[in-house]
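Hi there,

Here is the structure I promised to pass on to you. Have a look at it first, and then read on for what turned up.

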Number of protein chains: 2
Amino acid sequence: MPVAVEFWFDFASTYSYVAAMRVEEEAGRRGLTVSWHPFLLGPIFTERLGLRDSPFNAQPIRGRYMWRDLERLCLRYKLPWKQPSVFPRSSTLAARLATVAVDQPWGSQLVRRIFTANFAEDRDIADRAVLSELLRELGQEPGPLFARAEAGEARARLRDQTGEAMSRDVFGAPNFFVAGELFFGQDRLTEALDAAAT
Amino acid sequence: MPVAVEFWFDFASTYSYVAAMRVEEEAGRRGLTVSWHPFLLGPIFTERLGLRDSPFNAQPIRGRYMWRDLERLCLRYKLPWKQPSVFPRSSTLAARLATVAVDQPWGSQLVRRIFTANFAEDRDIADRAVLSELLRELGQEPGPLFARAEAGEARARLRDQTGEAMSRDVFGAPNFFVAGELFFGQDRLTEALDAAAT
């Protein structure tokens, strides 16, 4: 069995975008697989860090740098990029959908497609119509998937994942877990995969 | 003339340690030189970010991760490491000394030596006796250097550097500047040097 690196992400998170686009390909090169864990950073910011908004909004000096940094990272990794007009976007509906999708063979494709909608096309990923269009692009019928994503089971699963992240001392996004150990940030992708490969 | 990458650091900063140990060697490999800019992060935290302590102390969940991350980075880059018993240590005296030393041929050696005293030997870099010992190791007589480091000119120069960092929207440490552009964090060492080399 190939080792699975756990990738924990929030669709609202800029650095999660870069990591989400890279992780499967980079893992594949090392003979590793990825397990995808959508979660919500909002409750963690509120409950664990006492924050009411993204630090990139609360501290504009950090925000301005982050946007320039993202632009440079996307250039470096050849990823499409367009600064979203709304930040952070509500990621709850997209995360519920991903909670259902990650068990499907097209799950990681959908995750990447939702991220590019937010960070390369400036589209509102909280809008059901937008998410429906993305599903149809992948040949999936939105109706039944939304029904499952909004049912109690998927909601509970997302809440559980967020609680699990909290109990593992997650304080941001994205995160990699390798043998229970936390690697925080897109900048630790290489270190996490190297740790998993040894 | 080889291009000089500006390296802005605070001796109290953990990630500055890792970057300070790596930057000259990595720059040299690309035919670049390093210009060393000690500054004080404290006034920037207070005046620009409204912080009264290191975020790693104010948010223990981030602090615990940072210490583990540092240990891993030091292992990765083969750097000596010992978690300091006091954090952050006052870096003002060391920074004044570095302000005088960076114009000397042994300046970068002293910078690295002060960092290893703090982060690999758990020594108090605010203690004049400790700094004197480090200077003597490098064959330098402490007396005249401290006289210069504590004179008005060096104090003013350090204040000016800190003010310059503030005016360039620095919000943490370490930083690299390439053609006026900010690259924040030890994690951007490669990106900054690549930008300077092109």
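In helix 10 of chain A, the buried residues are A:Leu189, A:Glu191, A:Ala192, A:Leu193 and A:Ala196. Please keep in mind that this is a predicted model. The buried residues of that helix pack against strand 1 (4-9), helix 1, strand 3 (175-178) and strand 4 of their own chain A, and also against helix 4 (60-76) of chain B.

Chain B has its counterpart to look at. Buried in helix 10 (residues 189-197) of chain B are B:Leu189, B:Glu191, B:Ala192, B:Leu193 and B:Ala196. Their packing partners are helix 4 of chain A along with strand 1 (4-9), helix 1 (14-29), strand 3 (175-178) and strand 4 (181-184) of chain B.

A good residue to click on next is A:Ala27, which sits in helix 1 of chain A. A:Ala27 has a relative accessible area of 0%, so it counts as buried. Leaving out residues up to four places away in sequence, A:Ala27 touches A:Leu32, A:Val34 and A:Leu193. The last of these, A:Leu193, is one of the buried residues of helix 10. The C-alpha atoms of A:Ala27 and A:Thr190 are 9.1 Å apart, although their positions lie 163 residues apart along the chain.

Now to the place where the chains meet. How many residues of each chain are in contact with the other? There are 27 from chain A and 27 from chain B. Together the two chains bury about 2300 Å², with 48% of that on carbon and sulfur atoms. Three residues, A:Ile61, A:Tyr65 and A:Arg188, supply 27% of the area that chain A buries against chain B, which is more than any other three residues.

Charge plays a part in the count here: 14 salt bridges run between chain A and chain B. One pair to display is A:Arg188 with B:Asp69, a salt bridge whose closest N and O atoms are 2.9 Å apart. Across this interface there are also 15 residue pairs in polar contact, both residues being at pLDDT 80 or more. On the side of chain A that touches chain B, the elements giving two or more residues are helix 2 (41-49), helix 4 (60-76), strand 4 (181-184) and helix 10 (189-197). Helix 4 of chain A has the largest share, with 9 residues. By type, the residues on that side of chain A are 12 nonpolar, 2 polar and 13 charged.

Over all chains, the whole structure holds 50 salt bridges. Within chain A, A:Arg112 forms one with A:Glu24, and their closest N and O atoms are 3.0 Å apart. This pair links distant parts of the chain, since A:Arg112 is in helix 6 (residues 107-119) and A:Glu24 in helix 1 (residues 14-29), 88 residues apart. A:Glu24 itself is partly exposed, at a relative accessible area of 30%.

Another salt bridge in chain A joins the side chains of A:Arg128 and A:Glu150, at 2.7 Å from N to O. A:Arg128 lies in helix 7 (residues 128-137) and A:Glu150 in the loop between helix 8 (142-149) and helix 9 (152-167), so the pair ties together parts that are 22 residues apart in sequence. Both ends are partly exposed: A:Arg128 has a relative accessible area of 40%, and A:Glu150 is at 29%.

In chain B, you can find a salt bridge between B:Arg123 and B:Glu133, with the closest N and O atoms 3.1 Å apart. B:Arg123 is in the loop between helix 6 (107-119) and helix 7 (128-137) of chain B, while B:Glu133 is in helix 7, 10 residues away in sequence. B:Glu133 is partly exposed, with 42% relative accessibility. There is also a network in which salt bridges with shared partners join A:Glu25, A:Glu26, A:Arg29, A:Arg30, A:Glu191, A:Asp194 and B:Arg76.

Finally, which side chain of opposite charge is nearest to B:Arg96? That is B:Glu150, 5.2 Å away, and B:Arg96 is buried without a salt bridge. The cut-off for a salt bridge is 4 Å, so a distance of 5.2 Å does not qualify. B:Arg96 belongs to helix 5 (residues 92-101) of chain B. Setting aside neighbours within four places in sequence, its contacts are B:Ala149, B:Ala154, B:Arg155 and B:Leu158.

Enjoy exploring!

Best wishes

Key:
Residues numbered from 1 in each chain as written. Chains lettered and ligands numbered in written order. Predicted model: local features only at pLDDT ≥ 70, side-chain atom pairs only at ≥ 80, totals over all residues. Heavy atoms only, no water. Contact = heavy atoms within 4.5 Å. Buried area = accessible area lost by both parts, 1.4 Å probe. Polar contact = N/O pair within 3.5 Å; in protein donor to acceptor, adjacent residues only side chain to side chain. Helix = DSSP H or I, 4+ residues; strand = E, 2+ residues; numbered from the N terminus. Nonpolar A, V, L, I, M, F, W, Y, C, P; charged D, E, K, R; others polar. Buried < 20%, exposed > 50% of the residue type's maximum accessible area, 1.4 Å probe, protein only. Lys, Arg positive; Asp, Glu negative; His and termini not counted.
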